[in-house]
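Take a look at the structure below. The questions that follow ask what lies behind each label.

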Amino acid sequence: MTAAIAKSTAHSIVESTPRAKAVAGSLVILYAVITILPLVWIVATAFKSQSDAIAYPPKVLFQPTLEGYVNLFTVRTRQTPDFIAKLPPPETWYDKLVRQHDMVIAGPSKVVPRFVNSLIIGFGSTFLAVFLGTLAAYAFSRFRIPLADDLLFFILSTRMMPPVAVAIPIYLMYRQLNLTDTRLGMILLYTAVNVSLAVWLLKGFIDEIPREYEEAALVDGYTRLQALRKVVLPQAVTGIAATAIFCLIFSWNEYAFAVLLTSGEAQTMPPFIPFIIGEGGQDWPAVAAATTLFVVPIVLFTVLLRKHLLRGITFGAVRK
Amino acid sequence: MADVILRNISKRFGAVEAVRELSLAVNDGEFLVLLGPSGAGKTTTLRLITGLEQPDSGSVMINGRDVTLDPPGSRDIAFVFQQYSLYPHLSVYDNLAFPLRSPARRVPEPVIRQRVEQTAELLHIASKLNNRATRLSGGEMQRVAIGRALVRDPSIYLMDEPLSSLDAKLRAELRLELKRIQVELGATILYVTHDQVEAMTMATRIGVIKDGQLLQLGTPREIYESPSSTYVASRLGTPQINLLPARLASEIVLPPGTETIGIRTEHLQIAARNGGRLIGRVHRVEHLGEQNHVHLDYKGQTLVTLADPRQPLQVGQEVELHLKHPLYFDGVGQRINAMVH
């Protein structure tokens, strides 16, 4: 009798009711849709023709085409239909696609070298920032360093003004040192900006790792560096992964310095993408294609490190 | 195997004097237990021996060699920490193999396997070798932690309260096992604890330490039966030794200078009144099954004694007290070595 009453009215305070679950679930789905929609729109636009891309009202259903990608990867010249008719038959599917618009392919575009620049500069500076940050964070965490707090504040203070505020001095310095428009210059610049973030983030993670672990290794005959590599790093892997993602996202997306300091050789994707619009009308599908490609490495990198990020939740769950 | 000698070592952390002029010799094959409350300097003493801390003064000798300035790795020591002793990212096997895989040691992998398996056998964890270190129970973790020290064959094993995080039952179990292993291997162990039972049951000798100073060093029996001060006397024995101000016992003959009389609970005997000079009143009786703890009121002072559970005692009943082997202490708590009975 009492059990029946309890069943009909009371609900568990730990188990949520089906209705609450449904509400929470739909909120999450709604949020996900809102966030993902722009990305979906970009991916879709990359497969539209130029006229479909700017159609009003916007087209949700359309005839997909690879024009955007072809335009992104090639440089084309406009020719008369007579000239095109005299040419030998197109050798490839993309030759054929381009000729439909009275154009011929003149050569590859600069997107591949720019993409390679982004990869080298992005991952290079991320690696350096995380490497230096880990060593510095370990030192701050474990050794008695004179003025450690002041030094840490000094490191953090480099992030207090917007990086662009120092753009002119850096431009002048780089010109003196012949670092403008070089990959090395960009790697050093992004490393300098990221290393402060890396030191602070990683110091927090390394502080959490009990010293006893390394001390045990030291007593067992390992050197300080060996103990760092064998004991501390495996346990800081969560923090290192999170820091690496933050650093990569910054240097990958950075625009202001890239515009200012690179124009050719070392140009990265962010300043390159706007150029695509200018080459032959408003080629939104090509821009969308470039943007899609641009997002891929970050997504891949995050997915690869996801395992370590999730482990962060259980970090420190070992007996205390 | 060898002996470890500490000569007048001192260590200060800022304003705190953790270890003061401490001298101690651990003999070959000995199980020496340092007993003291937390903050007494026990752990610091161990860390000074390992080299994880440098003494401000004094020296550490291992095997007749002065190692005061040597780095931890070259001192030939194994250390069992109080906690955080296992690497959570490694399996039990790899945890046990870790000390042997040290680049300084260069033990070939087949030898490592053999040593690890032997040790696992010794500690009854052979079936857990492939588990992750985090998938073990508390008792198993601590076995592995001890195993990490045992895989090596160092001059001395240092253990910093290795059983303190376990529950009472496991602690009792591992206590016996650790003693068995020590005897089997003939190992030299310096063991630190605040648990008097661990000290009494395992030690060859006990060193009682307080405020960074070694108060007394001796066999468990010596320390228990002949403590050098009221502090040492009250460190050992449950219930604690009765400390009776001498002025309340003017009825009996005391050696000159006595300020406090120490009577172990088992040495305080009670009997029905029969002309005895010390009379107490039963205040409370605790039944523990195999024995009773009887709390007596003696001139406003509470004394505790052990009694046979079958002995009929009423609260409020007056009994006469007999002191066997009383210990006499002076005004500052130091023992007076007088043979007065």
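Q: How many residues does each of chain A and chain B bring to the contact?
A: Chain A gives 16 residues and chain B gives 22 residues. Residues are in contact if their C-beta atoms, placed from the backbone, lie within 7 Å. This is a predicted model: local features need pLDDT of at least 70, side-chain atom pairs count only at pLDDT 80 or more, and totals for chains, interfaces and linings use all residues. Residues are numbered from 1 along each chain as its sequence is written, and chains are lettered from A and ligands numbered from 1 in the order in which they are written.

Q: Which element gives the most to the side of chain A that touches chain B?
A: α11(A), with six residues. Helices are DSSP runs (H or I, at least four residues), numbered from the N terminus, and strands are runs of E of at least two.

Q: Why are β11 (242-245) and β18 (327-329) of chain B called edge strands?
A: Each pairs on one side only. Pairing needs at least two DSSP bridges between two strands. The open sheet runs β11-β12-β18 (chain B), with antiparallel pairing.

Q: How do you know that β12 (residues 260-263) of chain B pairs with β18(B)?
A: DSSP must find at least two bridges. These strands have three, in the antiparallel sense, so they count as paired. B:Ile261 stands opposite B:Tyr328 in β18(B).

Q: What makes the crossing of α7(A) and α10(A) right-handed?
A: A crossing is right-handed if the near helix is turned clockwise from the far one by less than a right angle, and left-handed if anticlockwise. The crossing of α7(A) and α10(A) is right-handed.

Key
Two residues are in contact if their C-beta atoms, placed from the backbone, lie within 7 Å.
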